[in-house]
Amino acid sequence: MVGELDRLPWKPRIDVIGRTKFWYSGEENQVEEVCDGDSRPVQVYFYDEMWEIPAGLALLQLVTPAGTIANSNCASGDDVIA
């Protein structure tokens, strides 16, 4: 996820690598498939988000100039091992 705030004088940019998972339910906790044009009311009943950096470092990206805080725990040039 990348977002830039160009209207602020220090030009911060939030740049985090991660994933977000939403699970939806309809009436009576029945899981509903959400499709384009589907007008049935649904509610998010499970939300999970995970980033490669701690939330505090992601927030620091908002108060520092773009590029100051890395978007992952790996140093530049390091290989990511899965």
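Between strand S1 (2-4) and strand S2 (13-15) runs a loop, and Lys-11 sits in it. This is a predicted model, and Lys-11 is worth a look for its backbone: its phi is near 50°, a positive value in a residue other than glycine. Beyond that loop residue, the structure holds 2 salt bridges.

**The loop residue**
- Most residues other than glycine have a negative phi, so a positive one stands out.
- Lys-11 has a relative accessible area of 45%, which means that this residue counts as partly exposed.

**Salt bridge Glu-4 to Arg-13**
- Glu-4 pairs up with Arg-13 in a salt bridge, with 3.9 Å between the closest N and O atoms.
- The cut-off for such a bridge is within 4 Å, so the pair at 3.9 Å makes it in.
- On the acid side, Glu-4 is partly exposed, with 48% relative accessibility.
- Its partner Arg-13 comes in at 31% relative accessibility, so Arg-13 is partly exposed too.

**Salt bridge Asp-48 to Arg-19**
- Here the closest N and O atoms of Asp-48 and Arg-19 are 3.0 Å apart, and the two residues form a salt bridge.
- Asp-48 belongs to strand S4 (residues 43-51) and Arg-19 to strand S3 (residues 18-25), so this pair ties together parts that are 29 residues apart in sequence.
- How accessible is Asp-48? Asp-48 has 23% relative accessibility and counts as partly exposed; buried would mean under 20%.
- Arg-19, for its part, has a relative accessible area of 36%, so Arg-19 is partly exposed.

Notes
Residues are numbered from 1 along each chain as its sequence is written. This is a predicted model: local features need pLDDT of at least 70, side-chain atom pairs count only at pLDDT 80 or more; totals for chains, interfaces and linings use all residues. Side-chain values use heavy atoms; hydrogens and water are left out. A salt bridge is a side-chain nitrogen of Lys or Arg within 4 Å of a carboxyl oxygen of Asp or Glu. Buried means under 20% relative accessible area, exposed over 50%, partly exposed in between (1.4 Å probe, protein chains only). Helices (H or I, at least four residues) and strands (E, at least two) are DSSP runs, numbered from the N terminus.
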